[in-house]
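I am opening a notebook on a structure that is new to me, and I want to write down what I look up as I go. The entries follow the order in which I turned to each part.

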Amino acid sequence: MARIVVTGGSGKAGRAVVRDLLEHGHQVLNVDRVPPAESKDADPPAPFLPADLTDLGQTLEALSGAEVMAGTQAVVHLAAIPSPVHATPDIVFRTNVTSTHTVFAAAARLGLERVVWASSETTLGLPFDRPPDYAPVDEDHPLRPETSYALSKVVAEEMARQFARWSGIPYLGLRFSNIMERADYARFPSFWDDPLERKWNLWGYVDESHVAQAVRLALEAEVAGAEAFIVAAADTVMPRPSRELMAEVFPGVPVRDDLATHGTLLGIDKARRLLGYRPEFSWRSLF
């Protein structure tokens with residue numbers, strides 16, 4: 001059992017992560033601005049501590065466990081303004097960079113054993129108005145932030161490298177694809193007639209169960225320094241073959257020879273290899 005602080009534990013990714021960590025026997029503290037939605041009518045699954053993570057003092061106290069959970073060992077940092085459209089570009093950038101810096105700095109000052117944090121697929125060039133250099137896109141692909149949100153994540157990845165170097169603590173960034181809860185899959189048929197509808201992230205997605213699995217594995221993996229991992233489902237949101245989609249929408253972009261028929265175009269080989277990531281669930285089992 002480990003003692004883990006989850007920032008942003010009330011959000012879409014956070015709720016899944018908190019549930020999964022509790023189910024695997026860990027002690028969890030949810031640090032967020034607001035409590036999880038389910039706690040309005042029932043006790044939250046994990047203790048909740050409200051905090052403004054752009055404030056270093058509050059962040060230090062929260063990551064220490066405050067009076068709720070003494071002896072924190074790791075932090076899962078998911079708190080952020082979640083997309084470019086949730087606030088003005090300046091607010092998105094300043095909030096995400098500042099809160100991530102305070103969490104990284106507090107983790108180093110407190111001597112935590114590990115930091116796992118949410119980077120983003122957007123670092124890779126979304127919405128891919130400029131075609132990717134190749135597919136599946138992997139961690140070797142050039143970073144091309146096109147929004148203040150994506151830029152905040154690129155800056156955070158550089159911060160992770162510096163804090164890992166200064167502190168010796170592993171900082172593992174997970175570049176999550178578009179997160180889906182089970183109710184979201186009812187919308188998938190609306191994507192199928194027009195391949196341009198979801199070309200913005202190469203028709204990618206990630207199930208909430210994949211997110212939770214990747215976080216738990218990142219907390220346990222024997223990985224040192226700062227690393228970034230693309231985390232997506234093993235397939236796309238489309239019933240059409242992946243190679244066919246690429247040929248129609250991104251003609252001329254090289255596609256790897258061993259791509260599966262409906263294989264993801266957001267490469268997850270690094271997460272498979274170093275974390276043991278295995279995204280078994282697919283929306284195809286629901287239709």
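**Entry 1: the largest cavity.** I began with an enclosed space and noted that, by class, the lining of the largest cavity has six nonpolar residues, one polar residue and four charged residues. The model I am reading is a predicted one, and I keep that in mind for each entry below. For the volume of this largest cavity I wrote down about 50 Å³. The residues that line the largest cavity are Leu124, Gly125, Leu126, Pro127, Phe128, Asp129, Arg130, Pro131, Pro132, Arg144 and Glu146. When I searched the whole structure, I found three cavities of 30 Å³ or more.

**Entry 2: the loop between β5 and α4.** Some names in that lining made me look at the backbone, and I found that the peptide bond from Leu126 to Pro127 is cis, with omega near 10 degrees. Pro127 belongs to the loop between β5 and α4, and Phe128 lies in the loop between β5 and α4 as well. For Phe128 I noted a phi near 55 degrees, which is a positive value in a residue other than glycine. I then looked up the bond from Ala135 to Pro136, which is also a cis peptide bond, here with omega near -5 degrees. Pro136, too, has its place in the loop between β5 and α4.

**Entry 3: the pockets.** I turned next to the open spaces, and for the largest pocket I recorded a volume of about 1,100 Å³. Its lining is made up of 37 residues, and those nearest the centre of the pocket are Ala80, Ile81, Pro82, Ser83 and Tyr149. By class I could divide this lining of the largest pocket into 17 nonpolar, 14 polar and six charged residues. Helix α1, helix α3 (89-110), strand β5 (114-120) and helix α4 (148-167) each give at least two residues to the lining of the largest pocket.

The second largest pocket holds about 160 Å³ of space, and 13 residues line it. Nearest to the centre of the second largest pocket I found Glu157, Arg161, Arg175, Glu227 and Ala228. The elements that supply two or more residues to this second lining are α4, β6 (171-176) and β9. In the lining of the second largest pocket I noted six nonpolar residues, one polar residue and six charged residues.

**Entry 4: the sheet.** In what order do the seven strands of the open sheet stand? I read the order as β3-β2-β1-β4-β5-β6-β9, with parallel pairing. Strands β3 (48-50) and β9 (226-231) stand at the edges and have a single partner strand each, so one side of each is left without a neighbour in the sheet. On average, and with direction ignored, neighbouring strands of this sheet are turned by 20 degrees against each other.

I then followed one pair in detail, and strand β1 (residues 3-7) pairs with strand β2 (residues 27-32) in the parallel sense over five bridges. Within this part of the sheet, Ile4 stands opposite Val28 in β2. Helix α1 (residues 12-23) lies across β1, β2 and β4 (74-77), and I noted that helix α1 runs at about 170 degrees to β1.

**Entry 5: charged pairs.** Side chains of opposite charge can pair when their charged atoms come close. I looked for such pairs here, and the count came to 17 salt bridges. One that I followed up is the salt bridge of Glu181 with Arg15, in which the closest N and O atoms are 2.9 Å apart. Glu181 lies in the loop between β7 (179-180) and β8 (206-207), while Arg15 lies in helix α1, so this pair ties together parts that are 166 residues apart in sequence.

Key:
Residues numbered from 1 in each chain as written. Predicted model: local features only at pLDDT ≥ 70, side-chain atom pairs only at ≥ 80, totals over all residues. Heavy atoms only, no water. Pairing = 2+ DSSP bridges. Helix = DSSP H or I, 4+ residues; strand = E, 2+ residues; numbered from the N terminus. Axes fitted to C-alpha atoms, helices over the stretch in contact; angles between N-to-C directions. Contact = heavy atoms within 4.5 Å. 1 Å grid on protein atoms, 1.4 Å probe; cavity = no way out; pocket = protein on both sides within 12 Å on 5 of 7 lines; lining within 4 Å. Points joined across faces, edges and corners; volume = space filled by probe spheres on them. Nonpolar A, V, L, I, M, F, W, Y, C, P; charged D, E, K, R; others polar. Salt bridge = Lys/Arg side-chain N within 4 Å of Asp/Glu carboxyl O.
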